[in-house]
Amino acid sequence: MISEALKPLVDIEPDVAAALAAGRPVVALESTIITHGMPWPANVETARAVEKVVRDNGAVPATIAVLDGRIRVGLSERELGAIGQAKDVVKASGRDLGAVLARRGSAGTTVSATMLIAAIAGIGVFATGGVGGVHRGAEETFDVSADLTELGRTDVVVVCAGVKSILDIAKTLEYLETQRVPVYAFGSDDFPAFYTRSSGLKADHRFDEVAAMARAIALHRALGTGTGVMVANPIPAADALDPAFIDRAIADAVAEAAKKGISRKDLTPFLLARINELSGGRSLTANIALVKNNAALAARIAAALRA
Ligand code: PSU
Ligand code: MN
């Protein structure tokens with residue numbers, strides 16, 4: 001539900017509004033991945049390709065962002081191109097939205113902000129690449145992404161490829177358990193690690209069929225816990241990276257960030273960019289493949305939930 005105070009500041013794109021009104025499947029997409037997660041022009045090409053994958057799988061895509069002080073649910077091709085190149089676009093998690101709107105700013109929305117906006121717009125399924133999590137060394141820094149607390153309080157299904165080992169994956173799974181967020185792995189016993197199909201840790205629940213997973217999601221919602229669901233979809237085998245290769249790039253990037261004192265909201269974008277350089281672009285290629293794979297699954301889940 002969009003509150004009266006917010007209504008004048010929210011634009012729902014006509015295609016998205018029509019689908020929501022008719023009960024047809026809609027998939028939300030985030031925009032920090034465009035503004036801070038990938039370099040131009042791959043960011044814009046990917047954003048457009050991901051929207052097409054959602055359409056090809058029977059749902060309407062709604063890329064969410066803040067543009068010039070307005071919450072936008074669904075962007076045009078031109079707008080996707082513009083935010084992918086703009087320099088004055090900040091990274092906004094849920095807590096930043098009020099301030100960005102008040103100063104009529106523009107922002108890429110993180111998983112937490114996108115979940116919040118999707119929920120008020122009535123969109124229940126959201127696809128992304130990787131969610132934030134508990135960072136390595138969090139026992140010192142307390143760096144735990146707001147994505148995890150939002151999953152604990154907002155009833156939106158987030159389809160991701162697991163979390164990458166820039167994070168402490170075991171602590172991230174513990175935190176999700178504390179937040180009462182179920183983790184459903186698709187077609188795997190293991191919780192995936194973004195660039196690779198397994199983190200070496202088991203997921204709580206495995207589903208091999210979209211229909212069965214949608215049934216579990218519907219029942220989870222019926223229980224009224226109010227939490228989201230994390231769907232962890234392993235990267236396709238053909239696109240997965242060699243674990244030793246990518247772990248080295250990640251370890252080097254994490255060490256460099258620590259040496260340079262990079263922290264807080266700058267840390268994840270720094271690590272993603274550095275890993276892309278250190279891997280000679282292979283992390284970006286894998287990232288693009290897994291986001292498309294997640295968009296297709298999210299569209300199928302959204303369709304199954306409507307059935
Ligand atoms: N992981 C990625 N790509 C991304 C992000 C994470 O592989 O673009 C972005 C997402 O928008 C996510 C955010 O919500 O980073 C998390 O940031 P932080 O770790 O600062 O909470
Ligand atoms: Mn953080």
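This passage describes a buried strand and its neighbours, the contacts of aromatic rings, some unusual backbone features and the largest pocket of a predicted model.

Strand S3, which spans residues 60-67, has eight of its eight residues buried, so this strand is largely enclosed by the rest of the structure. Val 60, Ala 62, Ile 64 and Val 66 point one way from S3, while Pro 61, Thr 63, Ala 65 and Leu 67 point the other way, and the residues of both sets are buried. The strand is paired with several others. With strand S2 (residues 26-29), S3 pairs in the parallel sense over four bridges, and here Leu 29 stands opposite Thr 63. Strand S4 (residues 70-73) runs antiparallel to S3 and is joined to it by four bridges, with Arg 70 as the bridge partner of Leu 67. These two strands, S3 and S4, form a hairpin with two residues between them, and Asp 68 in the turn has a positive phi of about 45 degrees. A further antiparallel pairing, over two bridges, links S3 to strand S6 (residues 106-109), where Ala 107 is the bridge partner of Val 66.

A search of the whole structure for aromatic pairs finds two. In one of them, Tyr 184 and Phe 207 meet edge-to-face, at 4.9 Å centre to centre and with 65 degrees between the planes. Because Tyr 184 lies in strand S9 (residues 183-186) and Phe 207 in strand S12 (residues 205-207), this pair ties together parts that are 23 residues apart in sequence. Tyr 184 is buried, with a relative accessible area of 6%, and Phe 207 is buried too, with a value of 15%. In the pair of Phe 194 and Tyr 195, the ring centres are 4.8 Å apart and the planes stand at 90 degrees, so this pair is edge-to-face. Both Phe 194 and Tyr 195 are buried.

Phe 194 has further features to describe. The charged end of Lys 164 sits over the ring of Phe 194, at 3.6 Å from the ring centre. Phe 194 belongs to the loop between strand S10 (190-193) and strand S11 (196-202), and has a positive phi of about 65 degrees although it is not a glycine. Its relative accessible area is 1%, so Phe 194 counts as buried. Another charged residue, Arg 282, lies over the face of Phe 245, at 4.1 Å from the ring centre.

A positive phi, of about 55 degrees, is also found at Arg 104, which is not a glycine. Arg 104 is placed in the loop between helix H5 (97-102) and S6 and is exposed, with a relative accessible area of 66%. Elsewhere, the peptide bond from Trp 40 to Pro 41 is cis, with omega near 5 degrees, and Pro 41 lies in the loop between H2 and helix H3 (42-56).

The largest pocket has a volume of about 1,000 Å³. It is lined by 44 residues, of which Lys 91, His 135, Asp 143, Arg 264 and Thr 268 are the closest to its centre. Helices that each supply at least two residues of this lining include H2 (32-37), H6 (111-121) and H11 (243-260), whereas the largest share, five residues, comes from H12. By residue type, the lining divides into 17 nonpolar, 17 polar and ten charged residues.

Key
Residues are numbered from 1 along each chain as its sequence is written. Chains are lettered from A and ligands numbered from 1 in the order in which they are written. This is a predicted model: local features need pLDDT of at least 70, side-chain atom pairs count only at pLDDT 80 or more; totals for chains, interfaces and linings use all residues. Side-chain values use heavy atoms; hydrogens and water are left out. Rings of Phe, Tyr and Trp (its six-membered ring) pair if their centres lie within 6.5 Å; planes under 30 degrees apart count as stacked, over 60 as edge-to-face and the rest as tilted. Buried means under 20% relative accessible area, exposed over 50%, partly exposed in between (1.4 Å probe, protein chains only). A charge sits over a ring if NZ of Lys or CZ of Arg is within 6 Å of the ring centre and within 35 degrees of the ring normal. On a 1 Å grid over the protein atoms alone, a cavity is a set of points where a 1.4 Å probe fits but cannot get out, and a pocket is an open set with protein on both sides within 12 Å along at least five of seven lines; lining residues have an atom within 4 Å of a point. Grid points are joined across faces, edges and corners, and a volume is the space filled by probe spheres set on the points. Ala, Val, Leu, Ile, Met, Phe, Trp, Tyr, Cys and Pro count as nonpolar, Asp, Glu, Lys and Arg as charged, and the others, Gly among them, as polar. Two strands pair if DSSP finds at least two bridges between them.
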